[in-house]
Amino acid sequence: MDALYDLLAQPPAAYLLLFAIAAGDAVFPVLPSESAAILAGVLAAIEPGIALPAVLGAAAAGAFVGDSTSYGLGRFGGRRAQRRFFDGPYSQRGVRWACGQLRRRGGVILVVARFVPGGRTGATFTSGLTTFPYRRFAAFTGLAAVLWALYSVLLGYFGGRIFHERPLLALVVALALAATLALAAETTRRVVAPRLAGRRKPEPDTRP
């Protein structure tokens, strides 16, 4: 985190680094994109050389490019890409979940999945794998990227404004709040989704 702090405090390389992390995390969900965006928001509040609009733009653009790359892997790499990049149990669960959600809810799930750890990669890759129309995909993921950037960066920014003299505390508080919200969202999904599925009644058999 100290190394990331030093790198993100040096514009204009900071914006390129944030863009790269956000884009890479959408394909390989191991990079700290939320942490980088939150940290960049904190730095925008306390470092005069870091511009908040540029941070927001870099985070949103990186997220969109990464989502489109994941879509392309699913669309043109197909099963080969799935075996190579998404063969882990965590990634496979994300792909299965996203596939079911796309069938039932369409593009709306692309917005929701951006805020679910691992879900964004499964949703975007599965969209390409199932040839979900790219125009609709781009519209939904573009909206999701902007909302995600606003959420992550402004969370850090307001934390930095409140704890201006203690940037480390601002970062810890913002990360803790983001983790709490992510946990709450994931818990709600795990509790509500099975109940909704259980309430669905099977369609009557109309066969003669």
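User: Which residues make the nonpolar surface patch?
Analyst: In this predicted model, F115, L143, V146, L147 and L150 together make a nonpolar surface patch of about 380 Å².

User: Take L143 from that list; where does L143 lie, and is it buried or partly exposed?
Analyst: L143 lies in helix α8, which covers residues 134-162, and because its relative accessibility is 45%, between the 20% limit for buried and the 50% limit for exposed, L143 counts as partly exposed.

User: And the surface as a whole, how much of it belongs to carbon and sulfur atoms?
Analyst: The accessible surface of the protein comes to about 11400 Å², and 64% of that area belongs to carbon and sulfur atoms.

User: Switching to the inside, what share of the residues count as buried?
Analyst: Of the 208 residues of the protein, 44% count as buried. As a general background, nonpolar side chains tend to be buried together in soluble globular proteins.

User: What does the largest nonpolar core look like here, and which residues have the most contacts inside it?
Analyst: The largest nonpolar core has 27 residues, and those with the most contacts inside it are L18, I50, L52, V55, A59, W148 and V153. The elements that give two or more residues to this core are α2, α3 (33-46), α4 and α8, and α3 gives the most, with 9 residues.

User: What does A59 touch, leaving out residues up to four places away in sequence?
Analyst: With those sequence neighbours left out, A59 touches L18, A22, W148, A149 and V153. Apart from the largest core lies another core, of 8 residues, among them L102, A123, F132 and F137.

User: Okay, D67 next: which helix is it in, and is it buried or exposed?
Analyst: D67 lies in helix α4, residues 52-85, and because its relative accessibility is 2%, under the 20% limit, D67 counts as buried.

User: What does D67 touch in there?
Analyst: Not counting residues up to four places away in sequence, D67 touches A26, R114, T124, F137 and T141.

User: How about V27, where is that and how far is its C-alpha from that of L73?
Analyst: V27 has its place in helix α2 and is buried, with a relative accessible area of 7%. The C-alpha atoms of V27 and L73 are separated by 8.9 Å, although the two residues are 46 apart along the chain.

User: What about long-range contacts in general, what share join residues at least 24 apart?
Analyst: Among contacts between residues at least 6 apart in sequence, 76% join residues at least 24 apart.

User: How many helices and strands are there?
Analyst: The protein has 9 helices and 0 strands, so the order of elements from the N terminus on is α-α-α-α-α-α-α-α-α.

User: Backbone question now: what is the phi of T131, and where does T131 lie?
Analyst: Phi of T131 is near 55 degrees, a positive value in a residue other than glycine. Most residues other than glycine have a negative phi. T131 lies in the loop between α7 (119-129) and α8, and T131 is partly exposed, with a relative accessible area of 48%.

User: Last thing, what is the mean pLDDT, and where is confidence lowest and highest?
Analyst: The mean pLDDT of the protein is 77, with 62% of its residues reaching 70 or more. Confidence is lowest in helix α9 (residues 167-199), at a mean of 60, and highest in helix α2 (residues 13-27), at 91.

User: And where does pLDDT stay under 50?
Analyst: Over residues 200-208 pLDDT stays under 50, and for this stretch the model has 2 contacts beyond four places in sequence.

Technical notes:
Residues numbered from 1 in each chain as written. Predicted model: local features only at pLDDT ≥ 70, side-chain atom pairs only at ≥ 80, totals over all residues. Heavy atoms only, no water. pLDDT = per-residue confidence, 0-100. Helix = DSSP H or I, 4+ residues; strand = E, 2+ residues; numbered from the N terminus. Contact = heavy atoms within 4.5 Å. Patch = residues over 30% accessible without salt bridge, like charges linked within 9 Å, V, L, I, M, F, W, Y side chains within 5 Å. Areas by Shrake-Rupley, 256 points an atom, 1.4 Å probe, with all protein chains shown as cover. Salt bridge = Lys/Arg side-chain N within 4 Å of Asp/Glu carboxyl O. Buried < 20%, exposed > 50% of the residue type's maximum accessible area, 1.4 Å probe, protein only. Core = buried A, V, L, I, M, F, W, Y, C linked by side-chain atoms within 4.5 Å.
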